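Reader: I'm new to this one and would love a close look at a single part. Could you walk me through how the nonpolar residues are arranged inside?

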Amino acid sequence: MRPTAKFSISFGLVTIPVAAYNATDTSASVSFVRIHTADGGRVRNQPVCSLEGVEVSPDEIGRGYRPHDADVVVPLSDEDLDALPLPTAKTLTILAFVAGGDIDPLQMGKGYYLATDTPAAAKPYVLLREAMERHERVGLGKIALHGRETLAMIRPMGDALVMQVLLWPHQIRPMDGVLPEREVEVHPNEVAAAETLMDSFGELSEEDLHDHYREALEELVSAKLAHREPEFDTGEEQPSGGQVMDLMAALQDSVRAAKRSRGEDEGDEGRAAAKRPAKKAAAKTSTTSGTKTGTKAGTKSGTKTASGAATTSAAKKSTAAKSATEKTAAKTTAKKKTASRGSRRAG
């Protein structure tokens, strides 16, 4: 690889000459060219002068800057740009060391591998890398790359140092119009189900990190060149993107689908699902039977109770009547004895 830039990292009074190499390769991604649909000819972007209307060669193309408050372009030469008082043009001065989690991922841009540019830079290079690794910090600074100044983050990665270009805070757009318009209430059981689904995903595999779209596109192109039908590996059926009506049911189904995708045993789950209706039916039968038995038992018990109560009441009434008759008879006898004694005294 050829370095894209050379500069020095300023770490206090320590200077580390480094060379920056592109850490990413976008050429492997899918890209298309524009064509004329009538005959398939390439449609190219030709550099044309807006005043003369003629094509301009690369040697005649320079740089200019248009101020925001003026409709004019000011030409700038390489000498003008080199004369700018820009200390970050050749040096990345570390301004602070912060925790990596404090960096907003939205700010992270292109990455570069940093290599030592001179033999003398090896020791301070390793020193800075190990110090940041042990302290669990990353370095923040500014550097001028490709004619413009930008924020940069230096961090250890394995045995190397990596520089990540950062966007300026004002380049991050606000979230206006992004959040839901109405307040949404999420229940704890729904959060628990979502966490269970997250745990069921498992680790990333090599197959997950594969560009299937690029393979399918290359197969389509090969088929067109060979005048045949393309043969695609469809793989697993993807879930539809319809509206989710029952969130809990969708989460539970997703957990089961994730387990099936990892090849886990579905026999136990299937047997458990088969047993659940049987248990419900058994419970229903037991409930119905218990209701009927209880009804019958209650009816019989109620009848016996009512009958016993009626008998007891009748017995009490009979006893009371008998007692009243005996009292009346006793009074009559007493009167007769009294009358008889009075008659004898008079004679």
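Author: Here's a look at the nonpolar core, followed by two spots to compare with it. Keep in mind that this is a predicted model.

Let's start with the largest nonpolar core, which has 21 residues. The members touching the most other members are Phe 7, Ile 9, Leu 92, Leu 114, Leu 145, Ile 154 and Met 163. Plenty of elements chip in: at least two residues each come from strands β1 (5–11), β2 (14–22), β5 (91–98), β6 (108–116), β7 (138–145), β8 (148–157) and β9 (160–166), and from helix α2 (122–135). In soluble globular proteins, nonpolar side chains tend to be buried together.

Now zoom in on Ile 9. Leaving out residues up to four places away in sequence, Ile 9 touches Val 14, Thr 15, Ile 16, Val 18, Leu 92, Ile 94, Leu 114, Leu 128 and Ile 154. Another core, of five residues, lies apart from the largest one, and its members include Ile 103, Val 138, Leu 151 and Leu 166.

Next, the surface. Tyr 65, Val 72, Val 74 and Leu 76 make a nonpolar patch of about 330 Å² there. Val 74 belongs to strand β4, residues 74–76. With a relative accessible area of 39%, Val 74 counts as partly exposed.

And finally, a charged residue: Glu 219 sits in helix α4, residues 212–226. Glu 219 is buried because its relative accessible area is 19%, and the cut-off for buried is under 20%. Again leaving out residues up to four places away in sequence, Glu 219 touches Arg 228, Pro 230, Glu 231 and Phe 232.

Key:
Residues numbered from 1 in each chain as written. Predicted model: local features only at pLDDT ≥ 70, side-chain atom pairs only at ≥ 80, totals over all residues. Heavy atoms only, no water. Patch = residues over 30% accessible without salt bridge, like charges linked within 9 Å, V, L, I, M, F, W, Y side chains within 5 Å. Areas by Shrake-Rupley, 256 points an atom, 1.4 Å probe, with all protein chains shown as cover. Salt bridge = Lys/Arg side-chain N within 4 Å of Asp/Glu carboxyl O. Helix = DSSP H or I, 4+ residues; strand = E, 2+ residues; numbered from the N terminus. Buried < 20%, exposed > 50% of the residue type's maximum accessible area, 1.4 Å probe, protein only. Core = buried A, V, L, I, M, F, W, Y, C linked by side-chain atoms within 4.5 Å. Contact = heavy atoms within 4.5 Å.
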